[in-house]
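Student: Could you go through this one with me? I'd like to see each label held up against its cut-off.

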Amino acid sequence: MAAVVPKPPRPKKEPQPLVIPKNAAEDQRLKLDRLMKNVDKPVPIPDGPKEWVLRPPPEFVRDVMGSSAGAGSGEFHVYRHLRRREYQRQEYLDKLTEKKALDEDFQKKLEENKVMAEQRTAKRRKKRQKMKEKKQMTKKAKAEQKSKDENSDEASSEEPSEEEPEDNEIDDVDCGEHDGGDDDAERPSFVMGGR
């Protein structure tokens, strides 16, 4: 005979006070409190309403109504149910075709938007590339100008020449070329507050 091992007693749950919600907000608060007491417990989330699916047509129709006279009084109800089912089927098929058409329109619109966005992006990319090339060209031109200036300075320092006066002050009104360079970046194109 096997020895019977007594089971440990179950821990008793704390008695919870009975709370009757007075409105919908309080009812929801109570449900949330109950859920938050045990966070580890998975919460059952119900699926959405299932879409109605068309019943497949029967393989064999047993009671076919004929066109002969003498139909009983119960045949009208059978006819009514068949008619209702057929109308429901037609309505379902109409909704299905409408939904497909809307989906196709939506996909077409998405493709058009994508193409338009690509065109805009390409146009802006081209513009940025032009600006970048222009910047590089001006930088290159500056470097060449600087090297020319250095070369001319070295050549002038080797040859004895008359000293130029160091009076290089620029008038506020006169914003012409200075330092002998034709650099667009350093020469202002307009004078603010000029007299």
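Student: How much of the contact count is long in sequence, say between residues at least 24 apart?
Tutor: Among contacts between residues at least 6 apart in sequence, 35% join residues at least 24 apart. Contact here means heavy atoms within 4.5 Å. Keep in mind that this is a predicted model, where local features need pLDDT of at least 70 and side-chain atom pairs count only at pLDDT 80 or more, while totals for chains, interfaces and linings use all residues. Numbering runs from 1 along each chain as its sequence is written, and side-chain values use heavy atoms, with hydrogens and water left out.

Student: What makes up the secondary structure of the protein?
Tutor: Two helices and zero strands. Helices are DSSP runs (H or I, at least four residues), strands are runs of E (at least two), and both are numbered from the N terminus. Helix α1 covers residues 24-37, and helix α2 covers residues 75-158.

Student: What share of the residues counts as buried?
Tutor: Just 1% of the 195 residues. Buried means under 20% relative accessible area, exposed means over 50%, and partly exposed is in between (1.4 Å probe, protein chains only). The accessible surface of the protein comes to about 20700 Å² by the Shrake-Rupley method, and 54% of that surface belongs to carbon and sulfur atoms.

Student: Which residues does E26 touch, leaving aside those up to four places away in sequence?
Tutor: V19, I20 and P21. E26 sits in helix α1, and E26 is buried.

Student: How do you know that E26 has no salt bridge?
Tutor: A salt bridge needs a side-chain nitrogen of Lys or Arg within 4 Å of a carboxyl oxygen of Asp or Glu. For E26 the nearest side chain of opposite charge, R29, is 4.3 Å away, so the pair doesn't make the 4 Å cut.

Student: Where does R29 find a salt bridge, then?
Tutor: With D33, at 3.5 Å from N to O. The two are separated by about one helical turn, because they are four residues apart in helix α1. At 43%, R29 is in the partly exposed band, and D33 is there too at 38%.

Student: What makes D27 and K31 a salt bridge?
Tutor: Their closest N and O atoms are 3.7 Å apart, which passes the 4 Å limit. Both residues are in helix α1, four apart, about one turn of the helix. D27 has a relative accessible area of 29%, so it is called partly exposed; K31, with 46%, gets that label as well.

Student: What distance is found for K99 and E51?
Tutor: Theirs is 4.0 Å, N to O, and the side chains do meet in a salt bridge. That pair links distant parts of the chain, with K99 in helix α2, E51 in the loop between α1 and α2, and the two positions 48 residues apart. Why is E51 called exposed? Its relative accessible area is 55%, above the 50% line. K99 has 44%, so K99 counts as partly exposed. The structure holds five salt bridges, these among them.

Student: Which residues does Y92 touch, not counting those up to four places away in sequence?
Tutor: E51, W52, V53 and L54. Y92 lies in helix α2, and its C-alpha is 8.6 Å from that of W52, 40 residues apart along the chain.

Student: What makes a patch of positive charge on the surface here?
Tutor: R120, K123, R124, R125, K127 and R128 gather there. Patch members have over 30% relative accessible area and no salt bridge; like charges are joined within 9 Å, nonpolar side chains (Val, Leu, Ile, Met, Phe, Trp, Tyr) within 5 Å. R125, at 43%, counts as partly exposed and clears the 30% bar.

Student: Which residues form the patch of negative charge?
Tutor: D149, E150, D153 and E154. D153 is placed in helix α2.

Student: And which residues make the nonpolar surface patch?
Tutor: L32, L35, M36, V39, V43 and I45, over about 620 Å². L35 belongs to helix α1, and its 41% relative accessibility makes it partly exposed, so L35 passes the 30% bar for patches.

Terms used: Accessible areas come from the Shrake-Rupley method with a 1.4 Å probe; for residues, only the protein chains shown count as cover. Lys and Arg count as positive and Asp and Glu as negative; His and the chain ends are not counted. The place of a charge is taken as NZ of Lys, CZ of Arg, CG of Asp or CD of Glu.
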